[in-house]
Amino acid sequence: MKLKQLEGILGSLEQFSNPKIELEQYPTGPHIASRMLYTAENSFGDVSNKVVADFGCGCGTLGLAAALLEAEHVIGLDIDSESLEIAATNADELEVDMQFVQCDIKNLPWKGQIVDTVVMNPPFGTRKKGADMDFLSVALKVASQAVYSLHKTTTREHVKRAALRDFNASSAEVICELRYDVPQLYKFHKKKEVDIAVDLWRFVPKRHNMRSANC
């Protein structure tokens with residue numbers, strides 16, 4: 001599948017009708033999502049025929065992109081039931097298989113490196129300090145091959161230091177810097193749209209003994 005085709009399909013997905021600010025729910029735009037997964041597959045081979053988990057999947061954009069790029073199995077995890085309902089509807093509309101699990105990322109129903117690749121657009125930690133690092137810490141525990149994640153460019157040094165020193169990553173690389181369009185979703189937003197500089201990271205976890213998934 002070509003990049004523009006993938007972006008077009010993702011642009012048709014249903015997004016949050018009632019976003020929750022406490023969960024920092026913002027849609028992952030099709031421009032960023034398509035490039036994130038397309039790069040993961042075409043530059044590194046981390047999607048096709050792999051088991052992929054979408055952490056904090058929201059409406060399912062990243063996970064569905066992985067499914068469209070022929071991942072072997074895709075698991076979408078989110079704490080919010082309403083988001084998972086939208087994601088399931090999107091999967092049905094695209095006629096792709098994707099498993100959904102409602103849980104807190106910090107309390108997963110399985111342990112060990114049981115997926116190949118984790119993709120995620122975690123909360124940036126604006127409302128709950130450190131939320132982005134909580135996601136990254138867990139992702140590096142369960143992925144055996146790679147973790148792809150978006151983080152504010154202003155946090156670049158902090159993210160790299162934490163990944164390598166505290167979260168057992170063997171490498172942490174910024175693949176590219178992107179512009180994240182934040183739409184006017186909440187009452188406190190004064191502008192119609194704001195651009196935030198974000199880094200697309202690829203983290204490689206240190207390998208441990210594998211265990212089977214029991215989702």
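The paragraphs below go from the overall make-up of this predicted model to its nonpolar cores and then to two of its helix features.

The protein contains 6 helices and 7 strands, and these elements, read from the N terminus on, follow the order α-α-β-α-β-α-β-β-α-β-α-β-β. Of the 215 residues in the protein, 53% are buried. Among the contacts with a separation of 6 or more, 71% are made by residues 24 or more positions apart.

In soluble globular proteins, nonpolar side chains tend to be buried together. Here the largest nonpolar core has 31 residues, and within that core F55, L77, V118 and L136 have the most contacts. At least two residues of this core come from each of the strands β1 (51–55), β2 (73–78), β4 (115–120), β5 (143–152), β6 (169–183) and β7 (193–205), and likewise from each of the helices α5 (131–142) and α6 (156–165). The largest share, 7 residues, is supplied by α5.

F55 offers a way into the surroundings of this core: once its neighbours within four places in sequence are left aside, F55 is in contact with L77, I105 and L108, with the run V118, V119, M120 and N121, and with F135, V138, A139 and V142. Apart from the largest core lies another core, of 30 residues, which includes I32, L37, A40 and Y180.

The helix that gives the largest share of the first core deserves a separate look. α5 has 12 residues, and the distance from its first C-alpha to its last is 17 Å, close to the 16 Å expected at 1.5 Å a residue. α5 is mostly covered, with 10 of its 12 residues buried. These buried residues are A131, D132 and M133, then the stretch F135, L136, S137, V138, A139 and L140, and finally V142, so that D132 and S137 are found buried in α5 alongside residues such as F135 and L136.The remaining feature is a pair of helices. The axes of α2 (residues 30–42) and α3 (residues 61–68) come within 9 Å and cross at roughly 45°. Because an angle of this kind falls outside the roughly parallel, perpendicular and antiparallel ranges, α2 and α3 are oblique to each other. The crossing in which α2 passes α3 is right-handed. Where the two helices meet, A33, M36 and L37 belong to α2, while T61, L62, A65 and A66 belong to α3. L37, one of the α2 residues at this meeting, is also among the residues of the core of 30 residues.

Definitions and conventions:
Residues are numbered from 1 along each chain as its sequence is written. This is a predicted model: local features need pLDDT of at least 70, side-chain atom pairs count only at pLDDT 80 or more; totals for chains, interfaces and linings use all residues. Side-chain values use heavy atoms; hydrogens and water are left out. A nonpolar core is a set of buried Ala, Val, Leu, Ile, Met, Phe, Trp, Tyr and Cys residues joined through side-chain atoms within 4.5 Å. Buried means under 20% relative accessible area, exposed over 50%, partly exposed in between (1.4 Å probe, protein chains only). Helices (H or I, at least four residues) and strands (E, at least two) are DSSP runs, numbered from the N terminus. Contact means heavy atoms within 4.5 Å. The expected span of a helix is 1.5 Å times one less than its number of residues. Axes are lines fitted to C-alpha atoms, for helices over the stretch in contact, and angles run from 0 to 180 degrees between N-to-C directions. Angles under 35 degrees count as roughly parallel, over 145 as roughly antiparallel, 65 to 115 as roughly perpendicular and the rest as oblique. A crossing is left-handed if the near helix is turned anticlockwise from the far one by less than a right angle, and right-handed if clockwise.
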